[in-house]
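Here are my notes on the model, point by point. Have the coordinates open while you read, and start with the inside of the fold.

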Amino acid sequence: MKNKFIKFFLSILIMSQNAWPSNVSLDISKWSLVTYSKIKPNTLKQRKMGLEIIVNNSSSALVYKFPQPVKIRNIKIKAQLKGNLNYKRKAPGSKNADDFPLRLGIILKGKKTLNFIQKTIAPNWLIKLDKMASNHGGFKSIYSLIFHTNKPLFHKRKHPLSPYFIEQIGGKFNHSKLNVLHSYKETYEIIGLWISSDGDDTNSSYKVIINELSVIGP
């Protein structure tokens, strides 16, 4: 009887370790701001119930680094949108209209690192990503879910401006609300998270409030 109890206890412990939910801090101080050359960055505001991104003809990203690489299978996000984007009949994601209210990316662990010469010519965001990944052995790419108001023509793509970005449609803001639990088709080992909001292409002004963010293991 005692051995059966021990085996049962160990099985529960293993299951809890393999399928853990982890809330990601929405404290701004825990995130790093990533800016783009010649583009005005977004403004950030701390809220009691989350993190607010203020877009005003601007664009930038936030990066969250895990202390150690983690394996995940699901990601959950709750958010609100105040305002809208001015696509002016252009297809979202196309040239001069590559703006979305929210991109939520997982930074995949890999073996890519920048050498000295690459660091002298790489954009600021790539240098920051390389620095963040250096003590984890490197990175592979950023796999982003796109949350939209107007659905783009693609379902999944490699971003035309960078081979390091893979994007997939994650869902739509319904009545300015977002509450999504996304399950990936496979388990990914990640070193961090990437969040971005854009309004520079479409001259848009709006706000995104992230109320909850968590990752769930396999």
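1. Let's begin with enclosed space. The structure holds 1 cavity of 30 Å³ or more, and about 30 Å³ of space lies in it. A cavity here is a set of points, on a 1 Å grid over the protein atoms alone, where a 1.4 Å probe fits but cannot get out. Grid points are joined across faces, edges and corners, and a volume is the space filled by probe spheres set on the points. Keep in mind that this is a predicted model, where local features need pLDDT of at least 70 and side-chain atom pairs count only at pLDDT 80 or more, while totals for chains, interfaces and linings use all residues. Residues are numbered from 1 along each chain as its sequence is written, and side-chain values use heavy atoms, with hydrogens and water left out.

2. Which residues line the largest cavity? They are Asn42, Leu44, Ile53, Ser60, Ala61, Leu62, Ile195, Ser196 and Ser197, where lining means having an atom within 4 Å of a point. Strand 5 (59-83) and strand 10 each supply at least two of them; strands (E, at least two residues) and helices (H or I, at least four) are DSSP runs numbered from the N terminus. By class the lining has 5 nonpolar, 4 polar and no charged residues. Ala, Val, Leu, Ile, Met, Phe, Trp, Tyr, Cys and Pro count as nonpolar, Asp, Glu, Lys and Arg as charged, and the others, Gly among them, as polar.

3. Ser60, one of those lining residues, sits in strand 5. Ser60 is buried, with a relative accessible area of 4% (buried is under 20%, exposed over 50%, partly exposed in between, with a 1.4 Å probe and protein chains only). Its side chain reaches the backbone nitrogen of Asn42 at 3.0 Å. Leaving out residues up to four places away in sequence, Ser60 touches Leu33, Val34, Tyr36, Pro41, Asn42, Ile195, Ser196 and Ser197, contact being heavy atoms within 4.5 Å.

4. Now the open spaces. The largest pocket holds about 600 Å³ of space; a pocket is an open set of points with protein on both sides within 12 Å along at least five of seven lines. Of its 23 lining residues, Tyr36, Ile39, Asp98, His159 and Leu161 are the closest to the centre. The lining has 8 nonpolar, 7 polar and 8 charged residues. Strand 10 (177-198) and strand 9 each supply at least two of them, and strand 10 has the largest share, 3 residues.

5. The second largest pocket has about 180 Å³ of space. Tyr143, His155, Lys156, Gln168, His182, Ser183, Tyr184, Lys185, Glu186 and Tyr188 line it, and strand 10 gives the most, with 6 residues. By class, this lining divides into 3 nonpolar, 4 polar and 3 charged.

6. On to the aromatics: the whole structure has 10 aromatic pairs. Rings of Phe, Tyr and Trp (its six-membered ring) pair if their centres lie within 6.5 Å, and planes under 30 degrees apart count as stacked, over 60 as edge-to-face and the rest as tilted. Trp125 and Tyr164 are an edge-to-face pair, 6.5 Å centre to centre with 75° between the planes. Trp125 lies in helix 3 (residues 124-133) and Tyr164 in the loop between strand 8 (156-158) and strand 9 (165-172), so the pair ties together parts 39 residues apart in sequence. Both Trp125 and Tyr164 are buried. Tyr184 and Tyr188 also pair edge-to-face, at 5.6 Å centre to centre and 85° between the planes, and these two are buried as well. Trp125, Phe139, Tyr164, Phe165 and Trp194 form one aromatic cluster.

7. Do look at Thr149, in the loop between strand 7 (139-148) and strand 8. Is Thr149 buried or exposed? Thr149 is buried, at a relative accessible area of 15%. Its side chain makes a polar contact of 3.5 Å with that of Asn84 and one of 2.9 Å with that of Asn150. Such a contact is a pair of N or O atoms within 3.5 Å; within protein, one must be able to donate a hydrogen and the other to accept it, and residues adjacent in sequence count only if both atoms are side-chain atoms.

8. Last, Gly192 in strand 10 is buried, at 0% relative accessibility. Beyond four places away in sequence, Gly192 touches Tyr64, Lys65, Phe66, Gly105, Ile106 and Ile107.
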